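Ready for some practice in reading a fold? Look over the picture first, then try each exercise before you peek at its solution.

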Amino acid sequence: MNLTINGVETPIESGPLTSLLDVLREELGITSPKAGCEQGGCGACTVLVDGEPRRSCLTPAAAVDGAAITTVEGLGTPENLSPVQQAFTHHYAAQCGFCTSGMMMATQAYINGGGTDDREAIQHALGGHVCRCTGYVKIIDAVAAVARGESFDPNLTAAGTAMTNLGGIA
């Protein structure tokens, strides 16, 4: 089997019924998709398959043979964050970070599909993604900002605080 992962065609050795999540994490060392509930309910393992969000824990590798898979690593780099990554950072839309990659991938699919800054539409688009830390407000703020086309100085937060001066936290 061959998958194109973050733009790189990659031969896969795992069996056809191995979950895409296990292929990504165990075979390829891509750890942004998280093994949360492993039943498709939490969204932590969400990746894009040919641009559509999919729960990688429920997707057998054979079902995506030849498909283009995008993980958070395919959105941007630490030196050149994508708009979604910039907005999540700027708005403090992550705390523990466990759900963040799945939320970002769902956000990217929403934006690619012409998503707007309508809070109800954003909530619907992120339905089924569980976050136990943030209360969702900052996540929704980040998604709305991306939908409006806002851009951010990666060194400043929504509160205008320099990222290098966060009360002694670097």
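A crossing of two helices is called left-handed if the near helix is turned anticlockwise from the far one by less than a right angle, and right-handed if it is turned clockwise. Keep in mind that you're working with a predicted model.

**Exercise 1. Describe how H2 and H5 pack.**

Task: work out the handedness, the angle and the residues of the contact between H2 and H5.

Step 1. Start with the handedness: H2 and H5 make a right-handed crossing.

Step 2. Next come the two numbers. Two packed helices are described by the angle between their axes and the distance between the axes. For H2 (residues 83–90) and H5, the axes come within 8 Å and cross at roughly 140°.

Step 3. Put a word to that angle. Over 145 degrees would count as roughly antiparallel, but this pair crosses at roughly 140°, and that makes H2 oblique to H5.

Step 4. Now find who touches whom. H2 brings Pro 83, Val 84, Ala 87 and Phe 88, while H5 brings Ile 139, Ala 142, Val 143 and Val 146.

Step 5. Sort them by class: this contact has 8 nonpolar residues, no polar ones and no charged ones.

**Exercise 2. Do the same for H3 and H5.**

Task: decide which word fits the angle between H3 and H5, and sort the residues of their contact.

Step 1. The axes of H3 (residues 100–112) and H5 (residues 137–147) come within 10 Å, crossing at roughly 30°.

Step 2. Angles under 35 degrees count as roughly parallel, so that's the word for H3 and H5. Their crossing is right-handed.

Step 3. On the H3 side you'll find Met 103, Thr 107, Tyr 110 and Ile 111; on the H5 side, Ile 139, Val 143, Val 146 and Ala 147.

Step 4. Sorting gives 7 nonpolar, 1 polar and no charged residues.

**Exercise 3. Close the triangle with H2 and H3.**

Task: describe the contact between H2 and H3.

Step 1. Here the axes come within 10 Å and cross at roughly 130°, so H2 and H3 are oblique to each other.

Step 2. H2 passes H3 in a right-handed crossing.

Step 3. Val 84, Gln 85 and Phe 88 of H2 meet Thr 100, Met 103, Met 104, Thr 107 and Gln 108 of H3.

Step 4. By class, you get 4 nonpolar, 4 polar and no charged residues in this contact.

**Exercise 4. Map the sheet.**

Task: write down the strand order of the open sheet and find which strands stand at the edges.

Step 1. Strands of a sheet pair through backbone hydrogen bonds, either parallel or antiparallel. This open sheet has 5 strands in the order S2-S1-S5-S3-S4, and its pairing is mixed.

Step 2. S2 (8–11) and S4 are the edge strands: each has a single partner strand, so one side of each is left without a neighbour in the sheet. From one strand to the next, the twist averages 40°.

Step 3. Zoom in on S3 (residues 46–49) and S4 (residues 52–55). They run antiparallel, joined by 4 bridges, and Leu 48 stands opposite Pro 53 in S4. The two strands form a hairpin with 2 residues between them, and Asp 50 in the turn has a positive phi of about 50°.

Step 4. S3 also runs antiparallel to S5 (residues 68–70), with 2 bridges between them. Across that pair, Val 49 stands opposite Ile 69 in S5.

Step 5. Add the helices. H1 (residues 20–27) packs on the sheet, touching S1 (2–5), S2, S3 and S5, and its direction makes about 105° with that of S3. H3 packs on the sheet too, touching S3, S4 and S5, with its direction at about 35° to that of S3.

**Exercise 5. Track down a salt bridge.**

Task: find where in the chain Asp 117 and Arg 148 sit.

Step 1. The whole structure has 3 salt bridges. In one of them, the side chains of Asp 117 and Arg 148 meet at 3.4 Å, N to O.

Step 2. Asp 117 lies in the loop between H3 and H4 (119–125), and Arg 148 in the segment after H5. The pair is 31 residues apart and links distant parts of the chain.

Definitions and conventions: Residues are numbered from 1 along each chain as its sequence is written. This is a predicted model: local features need pLDDT of at least 70, side-chain atom pairs count only at pLDDT 80 or more; totals for chains, interfaces and linings use all residues. Side-chain values use heavy atoms; hydrogens and water are left out. Axes are lines fitted to C-alpha atoms, for helices over the stretch in contact, and angles run from 0 to 180 degrees between N-to-C directions. Angles under 35 degrees count as roughly parallel, over 145 as roughly antiparallel, 65 to 115 as roughly perpendicular and the rest as oblique. Contact means heavy atoms within 4.5 Å. Ala, Val, Leu, Ile, Met, Phe, Trp, Tyr, Cys and Pro count as nonpolar, Asp, Glu, Lys and Arg as charged, and the others, Gly among them, as polar. Two strands pair if DSSP finds at least two bridges between them. A salt bridge is a side-chain nitrogen of Lys or Arg within 4 Å of a carboxyl oxygen of Asp or Glu.
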